[in-house]
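Q: Could you pick one part of this model and take me through it closely? I am a first-year student, and short explanations of the terms would help me.

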Protein chains: 2
Amino acid sequence: MRNKPDTRSKLLDAAARLFYAHGISATGIDAVIAEAGVAKMSLYNNFESKAGLVQAYLEARHQQWLDLYRARLGEEPGGHDGVMAVVGAYLDHAEAGYEHGFRGCGLLNAAAELEASDPGRKIVAAHKEEVEQFLQGHLGKLTSPDTARDLAERISYLLEGAISRAGLEGDSRRLRRAGDMISSMVRAL
Amino acid sequence: MRNKPDTRSKLLDAAARLFYAHGISATGIDAVIAEAGVAKMSLYNNFESKAGLVQAYLEARHQQWLDLYRARLGEEPGGHDGVMAVVGAYLDHAEAGYEHGFRGCGLLNAAAELEASDPGRKIVAAHKEEVEQFLQGHLGKLTSPDTARDLAERISYLLEGAISRAGLEGDSRRLRRAGDMISSMVRAL
DNA sequence: GTCCAATTAGACCGATCCGTCTACCAACTG
DNA sequence: CAGTTGGTAGACGGATCGGTCTAATTGGAC
């Protein structure tokens, strides 16, 4: 195996930057390899096609969110803290300092330019479903299963709506306001 | 002036179908004119460029939403009915029977593939802001201005989040559930 | 030192991109 | 009638698209 700089990672990082900033279809293969500083054949050695690179991008983005979430999540968090760890992961993503500006949730943006039948949409749908499950788990410590389920759904909508509107405006303020709403909803349980 | 079939409308309708179903960058000019059944020069007689066509698409989509909303809005609606007219417009869009499937809010999807600096994003941001203002106006009939403002913001997030998740799943169920949440929130005022 | 697998730069492919241009045509206006 | 307007069909251009290929080079593993 070759040593560290890791061609595949360079490609994935470059693709992530460009896909997020300019969109997926607007980003050509040549732009990705130039940004990665890598030969074109290296892309096709590591990924089956552009679609394969997109798939890997979606999965990496999902994993990144999980990492942010786990970093926010202490051990044995209470219900309120657990919910706020989810909110915190959204805030971290929004405030990550993108070169070309914050443009909302990368996974939602990607899904928005994929055909209805594209398997990438399922990845994004599953990711959002998993986030809702995390919320439901935390809320279950504070209230009945039925209430936890309903509230998790409601909080999911608040978060996704807030990050969409925040993306349109280019900053995280609306996400912070949604976080405040969510915090007080959970505290009121 | 030429008579009815109206070349410009044919182009705008064709562009709307293709842009919504396949995304904007993935839709070429040649596909648009083929779908419209129109010569290429007719596109450039009616629009400055593809970007101009996109701009017109965004404005038309905004106008369509306003039409759906006004159709739902009786005269002198009460606060609850007014809010539910907004919700109804979202539902109408979701259930409009797209050839290639429901894929969420066309304006959010479009914004998702526009650069942060693209003027089209401002159109979408302003549209969402206007929707929130409508909500605030209706809620103002039922409660204090401060509460109306806060609740309008919250309902906006619920709606945008619900339509995003509904789009990922390809049907309007999540939007209906959000509508139920919103209805009971407003009734509780 | 020899081998091997990964990487390199870049030529090359056919297809498609957005946009321009020409030449012709149909319908309405005066 | 002549003139104007907006449409048609399609060739054309240069750029870029995703993807393949070759030939030379690299850096361990043995």
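A: Let's start with the surface near DNA strand C, where α3(A) gives the largest share, 4 residues. This is a predicted model, in which local features need pLDDT of at least 70 and side-chain atom pairs count only at pLDDT 80 or more, while totals for chains, interfaces and linings use all residues. Residues are numbered from 1 along each chain as its sequence is written, chains are lettered from A and ligands numbered from 1 in the order in which they are written, and side-chain values use heavy atoms, with hydrogens and water left out.

DNA strand C is surrounded by 17 residues, and the closest are Thr7(A), Ser42(A), Ile29(B), Lys40(B) and Met41(B) (near means that a heavy atom of the residue lies within 4 Å of the strand). Of the atoms of DNA strand C that come within 4 Å of the protein, sugar and phosphate account for 58%. Sorted by class, the surface has 6 nonpolar, 8 polar and 3 charged residues (Ala, Val, Leu, Ile, Met, Phe, Trp, Tyr, Cys and Pro count as nonpolar, Asp, Glu, Lys and Arg as charged, and the others, Gly among them, as polar).

Now zoom in on the phosphates of this strand. Ser42(A) has a side-chain N or O atom 2.5 Å from a phosphate oxygen of DNA strand C. For Thr7(A), a polar side-chain atom lies 2.6 Å from a phosphate oxygen of the strand. Ile29(B) takes part through its backbone, with a polar backbone atom 2.6 Å from a phosphate oxygen of DNA strand C. Two or more residues of this surface come from each of α3 (40–46) of chain A, α2 (29–36) of chain B and α3 (40–46) of chain B (helices are DSSP runs of H or I with at least four residues, numbered from the N terminus).

Next, the other strand. DNA strand D also has 17 residues around it, with Ile29(A), Lys40(A), Met41(A), Lys50(A) and Ser42(B) as the closest. Sugar or phosphate supplies 59% of the atoms of DNA strand D within 4 Å of the protein, and bases supply the rest. One base oxygen of DNA strand D sits 2.4 Å from a side-chain N or O atom of Lys40(A). Phosphate oxygens of this strand lie 2.5 Å from a side-chain N or O atom of Ser42(B) and 3.0 Å from one of Tyr44(A). At least two residues each come from α2 (29–36) and α3 of chain A and from α3 of chain B. By class, the surface near DNA strand D has 6 nonpolar, 7 polar and 4 charged residues.

How do the two chains relate? A turn of 180° with a shift of 0.0 Å along the axis lays chain A on chain B with an RMSD of 0.0 Å (the fit is by least squares on the C-alpha atoms of residues with pLDDT of at least 70 in both copies). The two copies are therefore related as by a two-fold rotation axis. Gly161(A) has the C-alpha nearest the axis in chain A, 1.9 Å from it. Both copies use the same surface, and 98% of the contact residues of chain A recur in chain B (contact means heavy atoms within 4.5 Å).

Technical notes: Polar contact = N/O pair within 3.5 Å; in protein donor to acceptor, adjacent residues only side chain to side chain.
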